[in-house]
Structures are given as structure tokens and as C-alpha cells.
Amino acid sequence: MARRRRNRHTRAAALAVGVVLLTAPAVTAGATTGDGAGNRATSTGIAEWVVDMDATQLRGLLASGRVTSVRLVRAYQARIDAYEQAYADQPGVNAVIRVDPTAIADAARLDAERRRGHVRGPLHGIPILVKDNYDTGDLPTSSGSLALRHWRPADDAEQVARLRAAGAIVVAKTNLHEFASGVETISSLGGQTRNPYDQTRNPGGSSGGTGAGVAAGFGAAGLGSDTCGSIRSPAAHNSLVGLRPSQGLSSRDGIAPLSDTQDVGGPIAKSVSDIALILDATAGYDPDDPSTRASIGRIPRTYTATLDGTALVNARVGVFTDYLSTSGPAQVTTALVRAAVGDMAAQGATVVDLPAQPALTSAVDGSSVFADETERDLNRYLAAPGSRFPRSLARLEPPADVVTLADIVTSGQVTPTVLKRLKERLGTSTGPQDAYHQRLARRAQAQQLLHKLFEDNDLDALVYPAVQQQAAPIGQPQEGLRICALAANTGFPALTIPAGFTPDGMPVGVELLGRPFSEPALLGLGFDYEQATHHRRPPASTPPLTGGVKERPGPVGAGPGRG
């Protein structure tokens, strides 16, 4: 995709760029703190709010004057300072690549706007997290790789720019499975992110830093990207809501790609209503992403309009039984999803158990193309005008004036498992294309069969597990992810919602898949289920900060392997 420079969204060059030490105030129970603008709030209240409340609730506190954005940012920063690295008997969540040193100044500016009566919208002053494969004009964008720790894009990714314009504040950029090429969220720059529900387990991926960070209370909501499950598995494993939007709903401009055919960027949050608020800010046409032409005329005035506690009444939901595994490790998840289907029926939905769909699942399983497209699409992104990078990296392989995937592979500065995958993809985009085109044809077939399944059964949504098994221990492979391809390989939207917890205390997500651009209906169905069940609960390993916040020996993001 061609990139234009959006200087109106780029921070002034004079702003310091890098990592700052988060100095959190010592907090004592019942203490009252101010922000210099005459607004006061109990610190214990803030400590609980940032753990328990979603962005929708926080906007109410901001509107009432009970809290300011400065206080919220400081509270999230204090939690990063307390829980990011090792503490007590925990190894630390390790979700953050880099904090934004201007977040407090941004919050103060937005607080001043609010005092003058100017509120940009529902996200005005809401602190968020951004996966570090989204371009930020004021910070490096690393894709989690030591090779790109000094990579500086020209401007913000389009979704980041739109969120900032809507008043959101970037608190930090989060870790990811390097180059979004895996599901456990480990990278050479950021290390291993851990699941706050059990820090011996992985948080899902590749957007695991955003998922773990939102769950641990490092930001109110966040952005992830999804090539095959990379938004939905972190949402499922962290008791969050995640949306893989329809292909073409929201711009991918400025998101480091894995596959132009399969990539999307979208929100991870604590509630369905937060997903709607973020879509209101980010969805729609962007000339720098031609796929978004498909969204023209298909974006509602607001996605919050369909958040209805009766949306499941008379809805027809098809249980995709192909993905309900009966294997031993998957039985607990299958039971929770079956219970979720029962809850939907209790809310008025008509549930249809669909017979096996061998033709559809075969077409889906045979239509993945990200390995074919990685080199082509990543090289196009790396050649974006205005990008800054060490010339020594570009000179490793020809051409010497631009960074390519070949340079990154030759540098060796990539976590070993991902380096192996990247090596295997070298030359694929320029090699024989017959097999690639066959996979694209299978994708078209899968789309046709999925449309037919909806039509033949008069369905509003399909339902199945977001991931078939609970989060695996770190160092072990994550099983049960094949189902991510149903949405990823067709471009249909899919919404993951908390469905409860396993006996091990690990979250499980249920997924609703709809027809292209049916997000309003999907959000309505998800909201009804969410409000009827209220399964989400915050992780015990990162509780509210009710005592003094320890100082750590060095700044967040400045440890070994971080740029």
C-alpha cells in the first residue's frame, strides 16, 4: 500500500523520544491526590477503577470530573511500574516494549480541552495500548525485533492517528510475537510476555502484549492485529473482548504486514461497548488502504446503536460443531462453549447445531496465504517514504539503500523460531506462483461456501470456541488454534467474548462469526450475551495498588534486549 505522510498527526520533533522512568506516587489507603487543576479523587478509587472499569465507564468518570486523564495515565503507569517486571513471587507480565514519554503531557492537554468545553468524543482522554507493529510517528516501531529497534516510521498508522484525533492517549507500545509470526508472544526485543491469570502460561498471540496489558490494567483498551487469531486468542486467554473486523472495515496503513490478503487491525478491550467506541473512531475508508473501499456506505453512524440487551431474541445462531473438539485437553473449553450457547438460547436465540462441513473446512484449511505474501508485503512496508533506519542494516543485502526481509534475516537479530520461519519465506513471493494462486482460489471457494451456510440455515452468526484449549505453559506449543482460519481465510468478521474459566482458573473465549460488515449485529449479539453472563473478572496476580509502589532499578523498556 502507498503511504502518505500525515504530518498533522506527527508529534513535534522537539519532543524527547525514548523511554522514561515511571515515577509512581506512593499510595496509601484512603489518600487523596490532585492533578493541579482543582480535581481530586481518592487514590484507592483510581487504583480500583483502572483494574475494574472499562473505557465506557471511565469516560463517565472523566465527564463528571471525578477523575482526570492525567490521574488515569499516572495510575496506569504505576501499574506498569509495579507489575511489568519481577515482583514478589511473580516473574512479571512483561507486556510493554516501550512507554510513551509524552503520555502525561498529552493527558494534560486533553484535560485542558475538556475544561474549555471541547470534548473530541467518547474516547477523549482515555489511555490505550498499541501493539508495536503499528507505526507511531513519535516512537520507534520494532515489530518486536532487535533488528528493527531503531526503525522510525514517518508518521502514525491510520488507526493510531484516528484514535489520537478522537482523544485517546497512547500509554505504551506492547510486545508481540516477533513480526506477528507466532502465537505465544515472544520476541528478541521484548522477551516473553506472560499471562496475568497465570504467569507461567503464555498470553496468546501475536497480540499478546496488548491482551496481557489490558487484562493487567496497563491501559483501558488496546490495538492488535490479526492474520490468523492474533487478536482473538489473546482476548480469549485474557478474559477480554476482541474483534477481528471484516476485511476492509478499518485501515491497515502503517501496520507492519504479514499478509495483505489476511491482515486486519482491530481492538482488544474489556467490554463489547468499548469495541464499539473504538470502531466509531477507526472504521471507514482510507485512500492509503484500497481494501477499505469496501466499507463505503457500510459504516453506521455509531456502532453503539445496536448494543441492546434483547439482541439475541429471535436471532439464529449456528453451532459450528466441526470446531467443538472432544479430545481430553479440549473438553473443558467445549463444555464452556456449550454453556455459552445455552446462555444465548436462554436470552431468546434459536440455536442450530450444524452438521459437519467437510467441504468448507477443507477449503478454509487449504487457503492460507500469509507465507506466500510475507516477503512481498513486508518489503513494501519497509520501503515507505520517510522511514528512518540504520544504514548498516540496509547494507547487509542488496539493495543497499532500503531495508528488506533479507537484511533482517541476515542480521540474525530475530528470535530463533521466528528467524527460521522468515528464512523459509525468502524468495516465496518471487518464486513459482501456481500453488499460491490455487490457495487464493480455495479462499474464494471458502467464502462462497460460508455465505451458502449462512443462507441455507438463515443464520445471524456462527458460534464456536475462540481457541480450543486453555493457554499453554510457557515453552509448550499452544494447541487448538486451527479454528482461527475460518475468519482469517474468508475475511468474515469474528468477535471473541469471555465465556468463563477452566478449573485451572484460565479464561476461555467464545467466538461469534458473522457475514462481512455485519459488525453492528455481531456487537449486539455479543453485548446481550455479555450483559447476561458477566464472565470477565480481573487477574489475581495484578491486583489494585493499595500500598506503596516499589521503584525498580531501571526504566521500563530499557532492560536487556530493549531499544
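**Figure 1. Aspartate 528 sits in helix H17.** In this predicted model, aspartate 528 is buried, with a relative accessible area of 1%. Which residues does aspartate 528 touch? Leaving aside residues up to four places away in sequence, its contacts are Asp308, Gly309, Thr310, Ala311, Leu312, Val313 and Gln347. For a sense of how the chain folds back here, look also for valine 272: 256 residues separate valine 272 from aspartate 528 in sequence, while their C-alpha atoms are 9.4 Å apart in space.

**Figure 2. Helix H9 (residues 331-346) has a buried side.** Start with the length of the helix. At 1.5 Å a residue, the 16 residues of H9 should span 22 Å, and the end C-alpha atoms are 22 Å apart, which agrees. Now pick out the buried residues of H9: Thr333, Thr334, Leu336, Val337, Ala340, Val341 and Met344. These residues cover an arc of only 160° around the axis, so they lie on the same side of H9. What covers them? The cover includes strand E11 (316-320), E12, strand E13 (461-465), strand E14 (494-501), strand E15 (507-513) and helix H17 (519-533). H17 is also the helix that holds aspartate 528. Just after H9, have a look at glycine 348, which takes a positive phi of about 115°.

**Figure 3. An open sheet is built from 11 strands.** Following the sheet across, you meet the strands in the order E3-E5-E4-E8-E10-E9-E14-E15-E13-E11-E12, with mixed pairing. Which strands form the edges? They are strand E3 (96-99) and strand E12 (350-354), each of which pairs on one side only. From one strand to the next, the twist averages 30°.

**Figure 4. Strands E9 and E10 run antiparallel within the sheet.** Strand E9 (residues 241-244) is joined to strand E10 (residues 264-269) by two bridges. A handy place to check the register is valine 241, which stands opposite alanine 269 in E10. As you trace the side chains, keep a general rule in mind: in a regular strand they alternate between the two faces of the sheet.

**Figure 5. Strand E5 pairs with E3 and with E4.** With E3, the pairing is antiparallel and runs over three bridges; valine 99 stands opposite alanine 172 in E5. With E4, the strands run parallel and are joined by five bridges; here lysine 131 stands opposite threonine 174 in E5. Is E5 mostly covered or mostly open? E5 is mostly covered, as six of its six residues are buried.

**Figure 6. Helix H3 (residues 69-83) lies across three strands, E3, E4 and E5.** Strand E4 covers residues 127-131 and strand E5 residues 169-174, and H3 runs at about 15° to E5. H3 has 15 residues and reaches 21 Å from its first C-alpha to its last, close to the 21 Å expected at 1.5 Å a residue. Because 14 of those 15 residues are buried, H3 is largely enclosed by the rest of the structure.

**Figure 7. The whole protein has 17 helices and 15 strands.** Stepping back from the close-ups, 62% of the 563 residues count as buried. About 19200 Å² is exposed, and carbon and sulfur atoms supply 53% of that area. Among contacts between residues at least 6 apart in sequence, 77% join residues at least 24 apart.

Terms used: Residues numbered from 1 in each chain as written. Predicted model: local features only at pLDDT ≥ 70, side-chain atom pairs only at ≥ 80, totals over all residues. Heavy atoms only, no water. Pairing = 2+ DSSP bridges. Helix = DSSP H or I, 4+ residues; strand = E, 2+ residues; numbered from the N terminus. Axes fitted to C-alpha atoms, helices over the stretch in contact; angles between N-to-C directions. Contact = heavy atoms within 4.5 Å. Expected span 1.5 Å × (residues − 1). Buried < 20%, exposed > 50% of the residue type's maximum accessible area, 1.4 Å probe, protein only. Arc of directions from axis to C-beta. Areas by Shrake-Rupley, 256 points an atom, 1.4 Å probe, with all protein chains shown as cover.
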